[in-house]
Amino acid sequence: MKKLNAGEENWTDITYSETGNPGDPFTNLTSIAVDAAGNLYVADYYYQKVFKLSAGDHAWSVFLDMSGSGRPADMRFGPDGALYLMGIVTGGCGGYGGPCSSQVNLMKHTDSGLQLVVSNYVYSISEDQVSFDFDFRGLAYVKIVNNLYVLDMQKEPLALQNLDWNSGGMSKIDVGPDGAVYATGRSNGLPYKHMVNPIVSTAVPANVTDVGATAGGNVLADGGANVTERGVVYSDTVTLPTTADGKAVAGTPGSGTFSVALAGLAPETTYYVRSYATTIVGTSYGEVKTFTTLAVPPPAAPANLTAIAGDTQVTLNWIAVVGAANYSVYQGNVSGTYDSTPIATVTEATYRVTGLTNGTKYYFAVKANNIAGGSSDYSNEAAATPSAVPPPAAPANLTAVAGDSQVTLNWIAVVGAANYSVYQGNVSGTYDSRPIATVTEATYRVTGLTNGTTYYFAVKANNTVGESSAYSNEASATPAAVVTPPPSSSSGSSSPQPQTEIITVDVEDNGSGSGGVVSKATIKRTTDANGRKRDEVDFTPEQAADTVERLAAAGSKSAKIVISDAKDEVAELSVKLSKASADKLADGDIGLEINTVNVRIDIPSESLKDLKEDVYFRVVPLKTESERQEAEKRARTEQAVRAAAGDNRVVVIGRPMTIETNMQSRPVTLVLPLRDRSLTEKQLKQLGIFIEHSDGTKELVKGEIVPYDEQGNSGIRFTVRKFSTFTVIHMDAPDQVHKAYISGYPGNVFGPDQPITRAEMAALLARVMEGEAPADFAADYNDVAPTYWAVDAIAEVTSKGWMTGYPDGSFQPEQRITRAEMAGIAAKLAPGSKTQAPAASSFTDAQGHWAENAIRQAAAVGILSGYKDGTFRPGQNLTRAEAVTILNRLLDRHPSAEEVAPQWSDVPKRHWAYDDIQEASVDHAFEITSAGDERWIPSK
């Protein structure tokens, strides 16, 4: 044993005699250890003693005499602070040169002496063939001759577990900070490492909600191998979950702390969670933690409930609530009081109340419900009075332009109005009881007026029921004689100068629902010499940065610039967004809405990214009646509009709008207001937007009806990539009709399980499918006579390649068609069946069948399916019920989303093909709902 004194360069021997006591030097030291106080311990194999060098007085003493307990071969302090020793007790040996039996003891030093932990018996062992060490968890790794064992000191009974690592020929072992076991070859000096499972701890779950939580852990040591995956496992039933029960993987592998988000959890449920880490050695788990998800909060109350009266009915609409599973509709006869039981529970944000009494006023409110059974407060109240034909709405946007002894009035046409009554007065808000004129157009010129006198005007719309319940907005004008100014001279007075004012407007939170003000923007309003007003909005980078910061704090992703024009006097609006402002919004993932009385322009954050220049939007409403009429004339003659409307009337709804921008080829969503509240649900579905693009192209697009403002007005929303003149039009499109293509049998029966023949299928296909056929084609089958009832249909399906005959020249028209033959027909007719990769053949009885490929193709596009037992049954006869189900899918005909009265006595509502049989066998008008379903329209 040697020591190196401070300040010296050479090592010197340490002997027992240096303690001041006579004796021999250390003979065979096997290990050394230092306790927490700095005392030094050495084990002498020969003397069977442990000596202690005190840290205080540097005096040696005999700490432990192991005579009878074994010679100390290795010594370590354990995680509990106690001194552990490995001793060898040599027993009897065999004959001359035979092996000696030895007992290897792992012992713990206590105040009462040595305590045996575990022992093992071996032959012919020396002190350098045994070793042990602890990892920071307290696991003991023990090397005895050629074997490495692990000992869990916390589990009873204590037992050595062989790790199957041949460590023979290696020196004493050490456990590294990574948890792996290291050793050096005794003869070759090479390092060796035994990798172990990683060591993981579990963090306490946080951010617990009704459907999620944050969980995680810490990979304390990788066990000497790279961690390839880490995360948490969780279950609400298994108390010790594994990766087979459900896991959430961390984004990056490796050691150290990590966290993951758990989503899609059940409310008010206790979950067991623990961390895990995986290496090439295996997967380890941390300790189990538990948490309980919160109860589902009740949804918010529906907003913007509106009620539109009809004949014995009222149509309700409201804004959908995030997280709502359905809505309960309440009705009452007194404002603020409703029946305790809802009249309906619906999943869509709309409901039509029927069976009402015309002339009676009804009051309505709606509650939102979630999947946990929670309900919101009532929405706002909406009331309506049904009538056989409701009176028209009041005209909107009345304007008055003064002239010489005259005033020209213009307003927005009201759908359903037969004519308009024009009222005049000399005091604001008071008009003569009798109208000065009744006209059919949305314009009128009042003549014979006195110049210099101010006149006040209002208009009402009329139909067969009566006039609108309210006047339009009031418009006033003062006629004046037209004076031609004398020629100006250089010394004369200057012409009127434009007037400019600066207006501050709010930038609101448009994403979190709070509507709070997050910043400001400025409007420069210029009034020219002719009284024409022009607004210029500048959203500066400073204002954009302030907006992004405040929205981030609120967790919102959208801002809204609110530009008011209560008097409807602005002729042109320009909004400028500098590149710097756009970059700040895009970097913050913030979208921007420009909100005006004439249009809402919603720019997503993606469209603001990587702009090369400043962005501008120029909005010009076409306010005059002549401009509106010109837009209507262009719409009526456009081919796309004519194709949609046919010979029906096309009417402009609201105000056409010209919008110009340099932001091209990027998606922007527009919402145009629909100020006419008299539009019925059917009329709203017949609206479209006629777009005249600046590049000369024109198109007609359908929009989505959405709430527009807090006054209950609706709007029509659509997305564009290039800008133009936009005109909302109403087209009295005829109802869509589906004709029955299959009939039943006498006695009001359909025969759903009856087989269908090849001739009957040919007749059905010829009746409903479209396709090109060669001219003057005649099918030459030896079993189809010219007088056969289906000869023409068989010729048509043969010419189009949908059905073929047999090698013997027959068609076999009376033979029952099989499911395999129908698969062959469907594969030829189904959209996408030739381009979509066929599904893997999962039908156990279709593999190797002549129609296998056709079956796979038809199944891939959803036209045919098999049975619950995994079979397709290709040789089974096709039934009439199966035939109409397949044909409906080929024709993209959808059964009614609402219940339809039964048509056939042998097809009850519980029949699996009830809806498809009704669709195929009953003539009906229909419309497509917002959810894409077909809704039958009752016959008139």
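Let's start inside the protein, at a small empty space: by class, the lining of the second largest cavity has three nonpolar, four polar and four charged residues. Bear in mind as you look around that this is a predicted model. The volume of this second largest cavity is about 80 Å³. To find the walls, pick out N397, N410, W411, I412, L622, K623, T624, E625, R628, G654 and R655, which line the second largest cavity. Two elements, strand 34 (406–412) and helix 3 (625–637), give two or more residues to that lining. Strand 34 has the largest share, with three residues.

How do we know where such spaces are? Rolling a probe the size of a water molecule over the atoms shows where empty space is left. Searching the whole structure this way turns up four cavities of 30 Å³ or more.

Now move on to the largest cavity, which holds about 100 Å³ of space. Its lining is made of D535, I563, S564, D565, V570, E572, L573, T596, V597, N598, V619 and P621. Sort those residues by class and you get six nonpolar, three polar and three charged. Strand 44 (570–577) and strand 47 each supply at least two residues of the lining of the largest cavity, and the largest share, three residues, comes from strand 44.

Next up is a pocket. How much space lies in the second largest pocket? The answer is about 780 Å³. A total of 25 residues line this pocket, and the closest to its centre are T399, V401, D568, E569 and K623. You've met K623 already, since K623 also lines the second largest cavity. As for classes, the lining of the second largest pocket divides into ten nonpolar, seven polar and eight charged residues.

Which strands each supply at least two residues of the pocket's lining? They are strand 33 (396–403), strand 39 (475–477) and strand 47 (615–621). Strand 33 gives the largest share, five residues. Strand 47 should ring a bell, as strand 47 also supplies at least two residues of the lining of the largest cavity.

Time to leave the empty spaces and look at how some helices pack. Find helix 6 (residues 758–768) and helix 7 (residues 791–799): their axes come within 8 Å and cross at roughly 70 degrees. Angles from 65 to 115 degrees count as roughly perpendicular, so helix 6 and helix 7 are roughly perpendicular to each other. On the helix 6 side, the contact is made by A762, A763, L765 and A766, while helix 7 brings A793, I794, E796 and V797. Seven of the residues in this contact are nonpolar, none is polar and one is charged.

Further along the chain there is another pair to check out, helix 10 (residues 880–891) and helix 11 (residues 914–921). Those two pack at an angle of about 70 degrees, with their axes 9 Å apart. Helix 10 and helix 11 are therefore roughly perpendicular to each other. Helix 10 makes the contact with A881, V884, T885 and N888, and helix 11 with D916, I917, E919 and A920. What classes do the residues of this contact divide into? There are four nonpolar, two polar and two charged.

Finally, zoom out to the whole chain. Its secondary structure comes to eleven helices and 58 strands. Along the principal axes, the C-alpha trace spans about 140 × 105 × 60 Å. The radius of gyration of the protein chain is 44 Å, whereas a compact globule of 940 residues would have one near 30 Å.

Methods. Residues are numbered from 1 along each chain as its sequence is written. This is a predicted model: local features need pLDDT of at least 70, side-chain atom pairs count only at pLDDT 80 or more; totals for chains, interfaces and linings use all residues. Side-chain values use heavy atoms; hydrogens and water are left out. Axes are lines fitted to C-alpha atoms, for helices over the stretch in contact, and angles run from 0 to 180 degrees between N-to-C directions. Helices (H or I, at least four residues) and strands (E, at least two) are DSSP runs, numbered from the N terminus. Angles under 35 degrees count as roughly parallel, over 145 as roughly antiparallel, 65 to 115 as roughly perpendicular and the rest as oblique. Contact means heavy atoms within 4.5 Å. Ala, Val, Leu, Ile, Met, Phe, Trp, Tyr, Cys and Pro count as nonpolar, Asp, Glu, Lys and Arg as charged, and the others, Gly among them, as polar. On a 1 Å grid over the protein atoms alone, a cavity is a set of points where a 1.4 Å probe fits but cannot get out, and a pocket is an open set with protein on both sides within 12 Å along at least five of seven lines; lining residues have an atom within 4 Å of a point. Grid points are joined across faces, edges and corners, and a volume is the space filled by probe spheres set on the points. The radius of gyration is taken over C-alpha atoms; the globule rule is 2.2 Å times the number of residues to the power 0.38.
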